[in-house]
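Welcome! Here are a few exercises to help you find your way around a protein model, each with a worked solution. Have the picture open as you read.

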Amino acid sequence: MRITYNHPVYKDRRRELRSNQTKVEGIVWEFLRNKKLGVRFWRQYSVGPYILDFYAPRVRLAVELDGDQHADATEKLYDSDRDSYLLALDIKTIRFWNKEVIENVENVIKQISQHFSQPPLVSKRG
């Protein structure tokens, strides 16, 4: 299976998402940009058919910020399928509710940083 990262077909959509980021994405981006945590993050980065809110390739970590719509059963299923797809590529996804970011961004950033020191996932590919 060949996976395309930042496929050109998603370029306009990624650009649109960056230009119209949510308030919560802007808050988190201020902590992640310019390697402020010692790891380079990209925002609105595509992996296969999915566009990730934030992605750190070196540590294979996706960070997703979820609004209330993600509480819907259909969205939960979509998110689960997406997380499974990424995990099969050795990319771990961590999710935070928008409310968590607004109420305690420092804790959210601390949780993100804790994933940098964990050993990488073992590939199941041959």
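**Exercise 1. Work out in which order the elements of the protein run from the N terminus on.**

Step 1: Begin with the inventory, which comes to four helices and four strands. Helices (H or I, at least four residues) and strands (E, at least two) are DSSP runs, numbered from the N terminus.

Step 2: Now walk along the chain from the N terminus, and the elements read α-α-β-β-β-α-β-α.

Step 3: Keep two points in mind. This is a predicted model, where local features need pLDDT of at least 70 and side-chain atom pairs count only at pLDDT 80 or more, while totals for chains, interfaces and linings use all residues. Residues are numbered from 1 along each chain as its sequence is written, and side-chain values use heavy atoms, with hydrogens and water left out.

**Exercise 2. Describe how the strands are arranged in the sheet.**

Step 1: Start with strand 1 (residues 42–47) and strand 2 (residues 50–56), which pair in the antiparallel sense over five bridges. Two strands pair if DSSP finds at least two bridges between them. Trp42 has Tyr55 of strand 2 opposite.

Step 2: Look at the turn. Two residues separate strand 1 and strand 2 in a hairpin, and Gly48 in this turn has a positive phi of about 60°.

Step 3: Move to strand 3 (residues 61–66), which runs parallel to strand 4 and is joined to strand 4 by six bridges. Here Leu61 has Lys92 in strand 4 as its bridge partner.

Step 4: Put the pieces together: the four strands form an open sheet in the order 1-2-3-4, with mixed pairing. Strand 1 and strand 4 (92–97) are at the edges with a single partner strand each, so one side of each has no neighbour in the sheet. From one strand to the next, the twist averages 45°.

**Exercise 3. Find out which strands helix 2 lies across, and which strands helix 4 touches.**

Step 1: Helix 2 lies across strand 1, strand 2 and strand 3, at about 35° to strand 2. Such angles run from 0 to 180 degrees between N-to-C directions, and axes are lines fitted to C-alpha atoms, for helices over the stretch in contact.

Step 2: Helix 4 packs on the sheet as well, touching strand 3 and strand 4, and its direction makes about 145° with that of strand 4. Contact means heavy atoms within 4.5 Å.

**Exercise 4. Characterise the packing of helix 2 with helix 4.**

Step 1: The axes of helix 2 (residues 23–32) and helix 4 (residues 98–114) come within 10 Å, crossing at roughly 20°.

Step 2: The two helices are therefore roughly parallel to each other (angles under 35 degrees count as roughly parallel, over 145 as roughly antiparallel, 65 to 115 as roughly perpendicular and the rest as oblique).

Step 3: List the residues that meet: Val24, Ile27, Val28, Phe31 and Leu32 in helix 2, with Asn98, Val101, Ile102, Val105, Ile109 and Ile112 in helix 4.

**Exercise 5. Locate Arg60 and describe its backbone.**

Step 1: Arg60 lies in the loop between strand 2 and strand 3.

Step 2: Although Arg60 is not a glycine, it has a positive phi of about 50°.

Step 3: Arg60 is partly exposed, with a relative accessible area of 26%. Buried means under 20% relative accessible area, exposed over 50%, partly exposed in between (1.4 Å probe, protein chains only).
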